[in-house]
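Dear colleague,

Please find below the structure that I am handing over to you. My notes on its helix packing and salt bridges follow directly after it.

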Amino acid sequence: MPLIKYLGSKRLLLPAIRRIVAAVPGARTVIDPFSGTARVGKALKADGFRVFANDHNAYAATIARCYVQADRERHAVRATELLRELDALPATPDWFTATYCEAARYFRPENGGRIEAIRNAIATARHEPELEAILLTALLEAADRVDSTVGVQMAYLKRWAQRAAQPLELRLPELAPAVATGPCLATELDAREFAARHECDVAYLDPPYNQHSYLGNYHVWETLVRWDRPSTYGIAQKRIDCRERRSAFNGKRSCREALRAVVEAVRARVLIVSFNDEGHLSREEIEALLLPLGAVHVMATRFPRYVGAKIGVFNPSGERVGEPTHLANHELLFVVDMAGTGVVWPGVLEGAASHLRIATTPGSTRAIAPSE
Ligand SMILES: C[S@@+](CC[C@H](N)C(=O)[O-])C[C@H]1O[C@@H](n2cnc3c(N)ncnc32)[C@H](O)[C@@H]1O
């Protein structure tokens, strides 16, 4: 699946999430307020659900507009033609190449100049939002395939990554067909405001779980989508607004109230929350927060840590300064039955866990009665 490299992406957990959502009787609509790469919404749309996706960063909202909101029947033919034309444009290196290929080295200048030509052409054409989102997503994914990082844009490699030498190549994103349950939607709002707007059957919450800002880690994607020629700072050439645009979920002290506010805004029959056992909130703290809403069931899955953690720790100049500490952690999925659906959740979670190809933690599926 050609989606961008992304911290916290739920690629491996996806089969379990799909099974859990499929188990909700009569469910038609799902909200995903922290959509990231949009892979969860994309998969649920493919399963026939009407999905409302959202992320407060522009690049992620754009990816969701492509994979969740845009329907294949409407856009695939035109997008294919346009991508062919864009792919043939000669490089026009300017500020983007100077900033991200020379001052910093995320892409080789020959690819940077082509990224710049393609992005300028998309801006000039002023396509309707869904078509534009498809073209921008194709460009992000093409750039991601030839970048020279370990998967985050806090630093770039001291020596060019091998893949950076490949020529940039635009490909049509794998669009999902329209669903019978109704039009899907993608927005760029704060998660709490978004959750309050959409009543649904299932809400899937996948907030950031530690101090690392997604905007800081993916600032080049934000710039590529906004195309606003921001002032930049530091070796990583981050956008100046990385200093002010913060998520309350990244703060140790603010994240509990931030999660509580979103959870309280949700109007769903079943709530699913993803979190990680290395995050700001412990499993017990999250259970305590969810318990007033209904019976809580938890599934813990052991995962290899993200690729950067396995490679080691790098300083901003791309030098290796530390060894990886540990190679696995646990992803937690909390399921809250807010409507008394009658589903036997421990059985569903065990089935979902056995569907995963990676190890689950034995005996970790447990149900908590609201009165406990
Ligand atoms: C763990 S990632 C989601 C990953 C996603 N489920 C996937 O599979 O790719 C969390 C996302 O929440 C977004 N985010 C952080 N704070 C937010 C907020 N207050 N409102 C909306 N989105 C937010 C980040 O931009 C990031 O994309």
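In what follows, a salt bridge is a side-chain nitrogen of Lys or Arg within 4 Å of a carboxyl oxygen of Asp or Glu. This is a predicted model, in which local features need pLDDT of at least 70 and side-chain atom pairs count only at pLDDT 80 or more, whereas totals for chains, interfaces and linings use all residues. Residues are numbered from 1 along each chain as its sequence is written, and side-chain values use heavy atoms, with hydrogens and water left out.

Salt bridges

Side chains of opposite charge can pair when their charged atoms come close. The structure holds 24 salt bridges, and three of the pairs are described here.

Glutamate 199 pairs with arginine 267, with 3.6 Å between the closest N and O atoms. This salt bridge links distant parts of the chain, 68 residues apart: glutamate 199 lies in the loop between α8 (191-197) and β4 (202-205), and arginine 267 in the loop between α11 (255-265) and β7 (270-276). Helices (H or I, at least four residues) and strands (E, at least two) are DSSP runs, numbered from the N terminus. For accessibility, buried means under 20% relative accessible area, exposed over 50%, and partly exposed in between (1.4 Å probe, protein chains only). Glutamate 199 therefore counts as exposed, at 58%, while arginine 267 is partly exposed at 37%.

A second salt bridge joins the side chains of aspartate 47 and arginine 18, at 2.9 Å from N to O. Here too distant parts of the chain are linked, 29 residues apart, with aspartate 47 in the loop between α2 (39-46) and β2 (50-54) and arginine 18 in helix α1 (residues 14-22). Aspartate 47 is partly exposed, at 36% relative accessibility, and arginine 18 is partly exposed as well, at 29%.

The third pair is aspartate 241 with arginine 245, at 3.1 Å from N to O. Aspartate 241 is buried, with a relative accessible area of 15%, whereas arginine 245 is partly exposed at 25%. Through shared partners, salt bridges join Glu188, Glu222, Arg226, Asp228, Arg239, Asp241 and Arg245 into one network.

Helix packing

Two packed helices are described by the angle between their axes and the distance between the axes. Axes are lines fitted to C-alpha atoms, for helices over the stretch in contact, and angles run from 0 to 180 degrees between N-to-C directions. Contact means heavy atoms within 4.5 Å.

Helix α4 (residues 72-87) packs against helix α7 (residues 129-145) at an angle of about 50 degrees, and their axes are 10 Å apart. The contact is formed by Arg74, His75, Arg78, Ala79, Leu82, Leu83 and Leu86 of α4 with Glu130, Leu131, Ile134, Leu135 and Ala138 of α7. These residues comprise eight nonpolar, one polar and three charged (Ala, Val, Leu, Ile, Met, Phe, Trp, Tyr, Cys and Pro count as nonpolar, Asp, Glu, Lys and Arg as charged, and the others, Gly among them, as polar).

Helix α7 also meets helix α10 (residues 219-226), the axes coming within 11 Å and crossing at roughly 145 degrees. Leu136, Leu139, Leu140, Ala143 and Asp144 in α7 touch Trp221, Leu224 and Val225 in α10. This contact has seven nonpolar, no polar and one charged residues.

Finally, the axes of α11 and helix α12 (residues 283-290) come within 10 Å and cross at roughly 35 degrees. Arg256, Leu259, Arg260 and Val263 of α11 are in contact with Glu285, Leu289 and Leu290 of α12, a set of four nonpolar, no polar and three charged residues.

With kind regards
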